[in-house]
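Let's take a walk through the empty spaces of a protein, and see which residues surround them. Have the model open so you can follow along.

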Amino acid sequence: MTLDELKAKCAHCTKCPLCEGRTNVVFGMGKKDADIMLIGEGPGENEDLQGMPFVGRSGQLLDKFLAAVDLSRDKNVYIANMVKCRPPKNRDPKPEEQDMCLEWLREQFKIIRPKIIVCVGRISAQKLIGPDFRVTKEHGNFIEKNGVLMMGTFHPAAILRNPNNKEAAFGDWLALRDKIQELEIRI
């Protein structure tokens, strides 16, 4: 199956109640065979309206972090979320909603085959890295799971709410750049 075929199937998903309030399924975007994959939590209002991840203010900040380390959603990374439909009032996706959407993400992993996954925010880090993951303490550290390196970092929306974490978050992106160079990943 191709990413486009998977996206077409996902567009009709009704596995959980989040589908009832969506404008668009926010499947993901970026390079379809990227070595670097970013996983956020779930779409917000702007993402739901446009059908693309990280397009609001937090997306602008994410794009700045990416550009600072020679990465871009248009050229060399793929961005997706734990859930593909917007939770009401931008609340955190519930564990059962994540579970119902996880198969879509697993299929994206199988097709894209990233070498590094960056969990953007607590929700994705706790689901993909470990349930006890604490972004404030463990951000920027790489662990290997099933042959893939994973790192958790601050969600850009959290940085907008608490700018004191901006320097630490930028350090995570620099660590990602260094890891890409260390592994000689061509971006």
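Before we start, one term: a pocket here is an open set of grid points with protein on both sides within 12 Å along at least five of seven lines, and its lining residues are those with an atom within 4 Å of a point. Also keep in mind that this is a predicted model.

With that in hand, go to the second largest pocket, which has a volume of about 300 Å³. Its lining is made up of Leu102, Arg106, Phe109, Arg113, Pro114, Ile117, Lys127, Leu128, Lys145, Asn146, Val148 and Met150. H4, H5 and S6 are the elements that give two or more residues to this lining, and H4 has the largest share, with three. If you sort the lining of the second largest pocket by class, you get seven nonpolar, one polar and four charged residues.

Stay with Asn146 for a moment, since it is part of that lining. You'll find Asn146 in the loop between strand S5 (142–145) and strand S6 (148–153). What is its backbone doing there? Asn146 has a positive phi of about 50 degrees, although it is not a glycine. Is Asn146 buried or exposed? It counts as exposed, because its relative accessibility is 81% and the cut-off for exposed is over 50%.

Glu184 is another residue to click on. Its phi is near 55 degrees, again a positive value in a residue other than glycine. Look for Glu184 in the segment after helix H8 (166–182). Glu184 has a relative accessibility of 68%, so it counts as exposed too.

Now swing over to the largest pocket, with about 690 Å³ of space. It is lined by 31 residues, and those closest to its centre are Glu41, His155, Ala157, Ala158 and Arg161. Several helices take part: helix H2 (45–50), helix H3 (57–68), helix H5 (122–128), helix H6 (135–138) and helix H7 (156–161) each supply at least two lining residues. Which of the elements gives the most to this lining? That would be H7, with four residues. As for chemistry, the lining of the largest pocket splits into ten nonpolar, twelve polar and nine charged residues.

So much for the open spaces; what about the closed ones? Rolling a probe the size of a water molecule over the atoms shows where empty space is left. In a cavity, the probe fits but cannot get out. How many cavities of 30 Å³ or more turn up here? The count comes to two.

The largest cavity holds about 90 Å³ of space. Of the 13 residues lining it, Cys13, Cys16, Arg22, Cys85 and Cys101 are the closest to its centre. Helix H4 (residues 95–112) provides the largest share of this lining, three residues. You may remember H4 from the second largest pocket, where it also has the largest share of the lining. The residues around the largest cavity divide into nine nonpolar and four charged, with no polar ones.

Last stop: the second largest cavity, with a volume of about 40 Å³. Lys31, Ala34, Asp35, Asn76, Arg186 and Ile187 line it. By class, that lining has two nonpolar, one polar and three charged residues.

How values were computed:
Residues are numbered from 1 along each chain as its sequence is written. This is a predicted model: local features need pLDDT of at least 70, side-chain atom pairs count only at pLDDT 80 or more; totals for chains, interfaces and linings use all residues. Side-chain values use heavy atoms; hydrogens and water are left out. On a 1 Å grid over the protein atoms alone, a cavity is a set of points where a 1.4 Å probe fits but cannot get out, and a pocket is an open set with protein on both sides within 12 Å along at least five of seven lines; lining residues have an atom within 4 Å of a point. Grid points are joined across faces, edges and corners, and a volume is the space filled by probe spheres set on the points. Ala, Val, Leu, Ile, Met, Phe, Trp, Tyr, Cys and Pro count as nonpolar, Asp, Glu, Lys and Arg as charged, and the others, Gly among them, as polar. Buried means under 20% relative accessible area, exposed over 50%, partly exposed in between (1.4 Å probe, protein chains only).
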